Amino acid sequence: MIIKLLGLLPFIGILVGACFFNRVTPLIFGLPVLLAWLLLWLLLTSAIMALVYWLDPANKKPTDEGRPT
Amino acid sequence: MTGSAALIILAATTIFALCLGLAARRGKDMGLEQWTVGGRGFGIVFVFLLLAGEIYTTFTFLGGSGYAYGKGAPTYYILAYGALAYVISYWMLPPIWRYANQHKLISQPDFFSAKYDSPALGVLVALVGIVALVPYLVLQFKGLGIIVELASYGAVSHTVAVWIGAIVVTIYVMVSGVHGSAWTAVLKDIAILAVVLFLGIYLPFHYYGGYGAMFTAIQTAKPGFLALPSHGQSLAWFDSTVLLTALGFFMWPHSFGSVYTAKHERVFRQNAILLPLYQLILLFVFFVGFAAILQVPGLKGGDIDLSLFYLSRKTFSPAVLGIIGGAGVLTALVPGSMIMMTGATLAVNNVYRAFRPSASEAHRMRLTRLLVPVVALVAVWFTLQGGRTIVALLLMGYSFVTQLFPSLIMSLKRENPVPREAAFAGICVGVATVAVLTLTDASLAHLFPNAPEVFQDLNIGIVALGLNVIVLAVVTLVSRAFAVRSAPAPHA
């Protein structure tokens, strides 16, 4: 359950977050604000999915590869 | 003759790719399963590359930079939707893979017809896939045409360039099938990574002295161009487009097909971590398009897709342009071959076979190979009609394929409440809505002049998806009501 909620975060960050950061200036690391915001969420999405992978019991069993569960 | 160096490099790249395809084929027994799903033996690296291979196509290379050049901030959607699609894929792909592997499925329509126990639904899904693949293939050909035309410095006309591109892809597919795709994907990804990083770093520094300076210059010349506008491609457009494309990402018949090539299901979960990072390359594609805004101004309409090559031609020698073009050829060749193979396979295995179940595998195999050039001809015809930008073409395809999402996701539930009639009706309504709105070029603002602007700016694909879900729900409820009254409902 918790991992599905984690999976929801990128949707909120990108779809809802865009509404609050739809502007150009001040440039962040030389990038327009909206672009920098989306970039941040690419990195966060990868980190979140790594956490999900680590928490997900489906990846704990070493022997279930290729077998329907 | 200024362009001969560029053309020679282009030709050499193409021949090399063909040889790789041939080499990959050797020693393999090319049955239908081998030809299309690679015998289900691909590990994380190849599946990663096949999935990534479809993302880094001419669409990103020329379309992404062109859209950044011509439209500005709306192009950011390309950065966003991939990440969300991978999040979805973490939960969606493993059950698809398990089921497909269990039932030895070869194509996407197989999945629908097995899950819903309805060959007719399989035919419908195949037809939707074929229709959606056409604009996707058209954009690859358009990209190849642009590359050959510009790298030849005008010696080869646009029409001839498109024909050359189409012929090369056709030969490539007929020679190698999916093994060719996977091997060339390796080569392609290295080439595109190098070229895009180089251009995305070199051009902004060369012309402006850095990213901050470049964006400041654009903001001064075109205030607000780097944020979403309040009308048209507004936030409503952005969110609806990101959602549409994220949901549709794996609904493409060829993406669905590459899911089957995996050796085990964990591959997808690992890819969900890695692929969002791979999206970072897109940033550098955008930088190229942004750098072109003030350096090669004036490209309009469908010509915005030329911006990367116009700026490259202005900046570099023909030999360097040839290398950039060579990478570009590969980005069209890999997905182009995948799309053509998928289209032909769908037409034969999922449409033709439904009407002639007695056709032998050898017969179908022959027919698939014969259909490849036919698919190419159709796409060439559409390409030469011209007009639309690469991004507009892809969004059109997405509007079609995403209509498959509701029925697919419901079919993954342990007890799917949706009967085949409802799936059929939902997909039909969604696809018909997209077809009518696209063919008539109608915008929502035009059809509903009094509706709030948030609604008017929505991507039409999302509106069609909404209708699709409503129809699916209504037909499900109605048929359940009937089933309860007449007999106890058997669970599919």
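Helix H15 of chain B covers residues 318-355, a run of 38 residues. In this predicted model, the helix reaches 53 Å from its first C-alpha to its last. That span is close to the 56 Å expected at 1.5 Å a residue. H15(B) nevertheless carries a kink of about 25 degrees. The kink is centred on Leu346(B). The helix is also mostly covered, with 31 of its 38 residues buried. In general, an α-helix has 3.6 residues a turn, so residues three or four places apart point the same way.

A second helix of chain B, H6, spans residues 108-115 and includes Ser113(B). Ser113(B) counts as buried because 23 C-beta neighbours lie inside 10 Å, and the cut-off for burial is 20 or more. Leaving aside neighbours within four places in sequence, Ser113(B) is in contact with four residues that follow in the chain: Ser118(B), Pro119(B), Leu121(B) and Gly122(B). Val125(B) lies 12 residues from Ser113(B) along the chain. The C-alpha atoms of Ser113(B) and Val125(B) are separated by 8.7 Å.

Chain A has 69 residues, and buried residues make up 29% of them. Its secondary structure consists of two helices and zero strands. Contacts in chain A were also sorted by separation in sequence. Among those between residues at least 6 apart, 55% join residues at least 24 apart.

Technical notes
Residues are numbered from 1 along each chain as its sequence is written. Chains are lettered from A and ligands numbered from 1 in the order in which they are written. This is a predicted model: local features need pLDDT of at least 70, side-chain atom pairs count only at pLDDT 80 or more; totals for chains, interfaces and linings use all residues. Helices (H or I, at least four residues) and strands (E, at least two) are DSSP runs, numbered from the N terminus. A residue is buried if 20 or more other C-beta atoms lie within 10 Å of its own, exposed if 12 or fewer, and partly exposed in between; C-beta atoms are placed from the backbone. Two residues are in contact if their C-beta atoms, placed from the backbone, lie within 7 Å. The expected span of a helix is 1.5 Å times one less than its number of residues. The bend at a residue is the angle between axes fitted to the seven residues ending there and the seven starting there.
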